[in-house]
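Open the model in your viewer and keep the sequence panel beside it. Each stop below says what to select and then what is there.

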Amino acid sequence: MNVTILATSDMHGYIMPTNFSEKEMNLPFGTAKVATVLDQLKRQAKGPVIQIENGDFIQGSPLSYFIRKNESIGVQALTAVPNQLGYDVGVVGNHEFNYGQEYLKEAITSYNYPVLAANVVDDDGQHVLGDPYVIIEKEGVKIAILGVVTQYIPKWEQPATIKGLHFLSLVETAQKYVPILREQADVVIVSYHGGFERDLETGEPTELLTGENEGYELLQHVPGIDALVTGHQHRELAGKLNGVPYIQPGYRGAFVGKIELTVEETADGYKVTDSQAAIVATGEEEPAKEIVSLIADVSNQTEQWLDQTLGTVNGDMTIQDPNQARLIEHPYVEFINRVQMEASGAPISATALFNNEGKGFRSTITMRDVITNYIYPNTLAVLKLSGKELKAALEKTADFFVLQDGNIVFNPIYIEPKPQYYNYDMYEGIDYTIDFTKPSGQRIVRLQYQGKDLADNQEVEVVTNQYRAVGGGNYDMFGPEKIVREVQIDMTELIAEYLRKHPVIEAKANQNFQVLPK
């Protein structure tokens, strides 16, 4: 007999096959296409099927943002989609916390399947967002699923969003529960909204070993696992490590992960004797009609909202080359920093181009332009920093580019296994020069504030997004203890409000930062 595990992860509210930047509705991803593939794979399965939704579903697209901001619609309009897909179990993802605990709990309550969060506990050690595991019996086979999310969430979220919650290590959690499940079930699955911190062939670290991703360590130190579902990194992975099959099915519903376990009946129950892992592309499939119909009304409302005009641009604010826009100050980058400075009152601001898909602003700015360029639901925080700390932050951001054959290129270690374009910051309100010919940690060769060199002991206020302010992206020189005030309004709304006050903006940049060699 075969036990088939079908898993999705990091669909981020992408239901229809569109990225929302244009009105194209047949891109190679989307939950509606996932539904078609899941149906096909279930019909092909020889034996019981377990379906797992591995987290980060309710946040991440303009559609999910629109639903969140319109309380009259309610999260049920979104969660109705996975409810239609027939999942057996779900797992909490890190981005599920972005809209606050109340919204997350409302979503969890609305699902028609259990949601797991084994390593999220309150001050009393109680599981408040979901049980640690479930055991499901199908065709006589007892299948246990342990659900865990990355423990690194406190490094990203504003404290109020996760107040009263504690996030424990995947490995320590699995060491506690896997032996218990091994005694009770024939098959033990770990569904982890997190990824791999090491190269799966060599074991060499592929990132700083902060605990954000612990998949490799899990399979090195916790025996008794029959299958591992991963996510969070948006990678496309399928294979075996130490004999354990693993999958990671990308993001936005571009793939479905599939693990087939061969089980044989013994005197003590069923035992796994073989396994295979694969990811199945969804891009060529037709969107499932029942999902299209289910989301049609709110999808149409979202499209109308995205098309509303907010302002106009004098000049060129389009982004042709995102890396060039990171190295030579771009009018769009300066614009975002100006919005942050006006909203916060801080004299210095830092922002990033979050990915390479943003195209900047055309002559007419719509909400579609805003939300497809500024893709995260960030609020702002103002930090009080010393000159030494600010310089350390600039040195950190300077690591994201390197010299390669005389050219300045984005550092490959921050592209694979997961692109980290969102961690390279550009500042306004200071004048600085980065010299990429210098060793790491010595690249900031000029740093001035108000026309004078910034002293190490001089204090300044800097506004940035909440993720960065609490130290997200391994900016250890920042932290919640350095926050002096916050702007609890989403950046998308701040941008829209800025455009209401300034309906015509000039596409200009003052080139306050330079890079060497030119």
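Select strand β20, residues 380-386. Six of its seven residues are buried, so β20 is largely enclosed by the rest of the structure. Buried means under 20% relative accessible area, exposed means over 50%, and partly exposed lies in between, with a 1.4 Å probe and protein chains only. Strands (E, at least two residues) and helices (H or I, at least four) are DSSP runs, numbered from the N terminus. This is a predicted model, in which local features need pLDDT of at least 70 and side-chain atom pairs count only at pLDDT 80 or more, while totals for chains, interfaces and linings use all residues. Residues are numbered from 1 along each chain as its sequence is written, and side-chain values use heavy atoms, with hydrogens and water left out.

Keep β20 selected and add strand β27, residues 459-465. The two pair in the antiparallel sense over seven bridges; strands pair if DSSP finds at least two bridges between them. Now add strand β28, residues 483-487, which runs antiparallel to β20 and is joined to β20 by four bridges. Which residues are the bridge partners of Leu383 in β27 and in β28? In β27 the partner is Val462, and in β28 it is Ile483.

Next, select Tyr427. Together with Phe335, Tyr427 has the most contacts inside the largest nonpolar core, which has 126 residues. A nonpolar core is a set of buried Ala, Val, Leu, Ile, Met, Phe, Trp, Tyr and Cys residues joined through side-chain atoms within 4.5 Å. Leaving out residues up to four places away in sequence, Tyr427 touches, among others, Ile348, Leu390, Phe478 and Phe513. Val462, the partner of Leu383 in β27, is also among the residues that Tyr427 touches. Contact here means heavy atoms within 4.5 Å.

Move to Asp425, in the loop between β22 (407-410) and β23 (426-428). Is Asp425 buried or exposed? Asp425 has a relative accessible area of 2%, so it counts as buried. Show its side chain and that of Arg468: a polar contact of 2.6 Å joins them. A polar contact is a pair of N or O atoms within 3.5 Å; within protein, one must be able to donate a hydrogen and the other to accept it, and residues adjacent in sequence count only if both atoms are side-chain atoms. Not counting residues up to four places away in sequence, Asp425 also touches Ala350, Thr351 and Tyr475, among others.

Stay in the loop between β22 and β23 and select Pro417. The peptide bond joining Glu416 and Pro417 is cis, with omega about 5 degrees. A second cis bond runs from Leu516 to Pro517, with omega near 0 degrees. Pro517 is in the segment after β30 (513-516). Most peptide bonds are trans, and most residues other than glycine have a negative phi.

For positive phi, select Asp56, in the loop between β2 (49-53) and α2 (62-69). Asp56 is not a glycine, yet its phi is near 60 degrees. Its relative accessibility is 1%, so Asp56 counts as buried. Asn242 is also not a glycine and has a positive phi of about 55 degrees; Asn242 lies in the loop between β11 and β12.

From Asn242, select the two strands beside that loop. β11 and β12 (residues 244-249) pair in the antiparallel sense over six bridges, and Gly239 stands opposite Tyr246 in β12. Both strands belong to an open sheet of six, in the order β6-β7-β9-β10-β12-β11, with mixed pairing. β6 (133-138) and β11 (236-241) are the edge strands, each pairing on one side only.

Last, select helix α13, residues 491-501. Which of its residues are buried? They are Met491, Thr492, Leu494, Ile495, Ala496, Tyr498 and Leu499. At the start of α13, a side-chain oxygen of Asp490 reaches to within 2.8 Å of the backbone nitrogen of Thr492.
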